[in-house]
Amino acid sequence: MIYLQLFLSFFKIGLFSFGGGYAALPLIQNEVMTYHWLTSNEFTDLITISQMTPGPIAINAATFIGVKVAGFMGAVVATIGNILPSCIIVTCISYLYLKYRKLDTFQKILKTLRPAVVALIATAGLSIMINSFFSNGIFGVSTFHMQAVVIFGISLFLLLKKKMNPILVMVLSGFLNVGYMFLTGMF
Amino acid sequence: MKENKILFKLFISTFYLSAFTFGGGYVIITLMKKKFVDEYHWIDENEMLDLVAIAQSSPGPIAVNGAIVVGYKIAGIKGIIVSVLATILPPFIIISLISICYSIFRENIIVAAMLEGMQAGVGAVIASIVYEMGSGIVKEKRVDHVFIMIISFILNYIFSVNVIFIIIGCGLIGYFETVLERKKIS
């Protein structure tokens, strides 16, 4: 039953992504790989689209994967699955907070989670990098894209040293590749 | 009647924030504070700081969690429904439209080249985020945290241990550390 599968997968993603933003990335990748909902290229496209549009990555992924796997209803089910853990947990904590005004144990636990979350984002990021450097993520001389490595290097420089806006950097990297293809006569 | 007016205002403002905020949950939550504390005076400043802390430390997307705490504070369960709906509708609509066009656009060679270049760009965006978050953790100078980071990476990347087990494991370590700290103090 595809709807139930989508619901449960995105429920898990909602329940275990701590720290917002990219914390959901490794979890989404995990579910996508397990059920073969997207190819690694489509997954990277999804992250690219998420970066370019407003909205949390997990909600974008729920909609994108839901539509692709089971149409409009799939998107609705996946999105509800994704926000349900938040709705339950955050409401309970807010209720307890407004009643007792205490938060510290929870925040201390979160401090220990953060290093793990960074490591998991690194793993997911690494597979996205490999996918862009080599066609379909297969290592080899014939699948290697030198220009992708150059674009990656330029982008990283602009982000870390020039503190450029990530959306701008991504638009630029898209145009750089189009320019490269044009110059090498691939169009 | 007055309640309906508040709910309507809540819907419009969260919808607007969700549709036009680029840059993720941390940005949106700052804008929520501006709107509901500084402009509408619906929530008091100190309380908002704690509500933000709840939204950031709970699992799930921070923008959704932010909508829940704000909606709950302003109008209870009804407020939650209204603000959460307003938060998820914009990305839901935008991505639905993109998914429909995606397969058609992907066939176009210029769009494909553009997306391929952007894949290298998004790799760099994630690398820079990992670098910044990672160096933040190293600067804390807590050996246990650096150790957790390295072990988590090895377990996940080399041994393909499921992400969920790693998160549960580290959560338990954090819990026991807090309990031990308390015992030391008392």
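Here are some questions and answers about this predicted model.

Q: In chain A, which helix has the highest confidence?
A: Let's start with how far the prediction can be trusted: chain A averages a pLDDT of 90, and 98% of the residues score at least 70. Within chain A, the mean is lowest in H5(A), at 86. The highest confidence, at 96, belongs to helix H1 (residues 2–16) of chain A.

Q: At which residue does H4(A) bend?
A: A good clue is the end-to-end span of helix H4 (residues 57–100) of chain A. A straight helix of 44 residues would reach 64 Å at 1.5 Å a residue, yet the end C-alpha atoms of H4(A) are only 33 Å apart. The chain turns by about 145° within this helix, and the bend is at A:Ala70.

Q: Which residue just after H4(A) takes a positive phi?
A: Most residues other than glycine have a negative phi. Just after H4(A) there is a residue with a phi of about 60°, and that residue is A:Arg101.

Q: Which elements give two or more residues to the side of domain 1 of chain A that touches domain 2 of chain A?
A: The assignment splits chain A into domain 1 (2–138) and domain 2 (145–187), with 27 Å between their C-alpha centres. Six residues from domain 1 of chain A meet seven from domain 2 of chain A. On the domain 1 side, the residues are three nonpolar, three polar and no charged. The elements giving two or more residues to that side are helix H3 (40–52) and helix H5 (104–133) of chain A.

Q: Is A:Ser173 buried or exposed?
A: A:Ser173 sits in helix H7 (residues 166–183) of chain A. Setting aside residues up to four places away in sequence, A:Ser173 touches residues of both chains, including A:Ile151, A:Ser155, B:Gly117 and B:Met118. The cut-off for burial is 20 or more other C-beta atoms within 10 Å. A:Ser173 has 30 of them, so this serine is buried.

Q: How far apart in space are A:Ser173 and A:Phe152?
A: In sequence, A:Ser173 and A:Phe152 are 21 residues apart. Taken from C-alpha to C-alpha, their separation in space is 7.9 Å.

Q: Is B:His41 buried or exposed?
A: B:His41 lies in the loop between helix H2 (25–39) and helix H3 (45–57) of chain B. Although not a glycine, B:His41 has a positive phi of about 55°. There are 9 C-beta neighbours inside 10 Å, so B:His41 counts as exposed.

Q: Where is B:Lys141 found?
A: B:Lys141 has a positive phi of about 60° although it is not a glycine. With 8 other C-beta atoms within 10 Å, B:Lys141 is exposed. Its place is the loop between helix H5 (109–139) and helix H6 (143–158) of chain B.

Definitions and conventions
Residues are numbered from 1 along each chain as its sequence is written. Chains are lettered from A and ligands numbered from 1 in the order in which they are written. This is a predicted model: local features need pLDDT of at least 70, side-chain atom pairs count only at pLDDT 80 or more; totals for chains, interfaces and linings use all residues. Helices (H or I, at least four residues) and strands (E, at least two) are DSSP runs, numbered from the N terminus. The expected span of a helix is 1.5 Å times one less than its number of residues. The bend at a residue is the angle between axes fitted to the seven residues ending there and the seven starting there. Domain bounds come from an automatic or database domain assignment. Two residues are in contact if their C-beta atoms, placed from the backbone, lie within 7 Å. Ala, Val, Leu, Ile, Met, Phe, Trp, Tyr, Cys and Pro count as nonpolar, Asp, Glu, Lys and Arg as charged, and the others, Gly among them, as polar. A residue is buried if 20 or more other C-beta atoms lie within 10 Å of its own, exposed if 12 or fewer, and partly exposed in between; C-beta atoms are placed from the backbone. pLDDT is the predictor's confidence in each residue, from 0 to 100.
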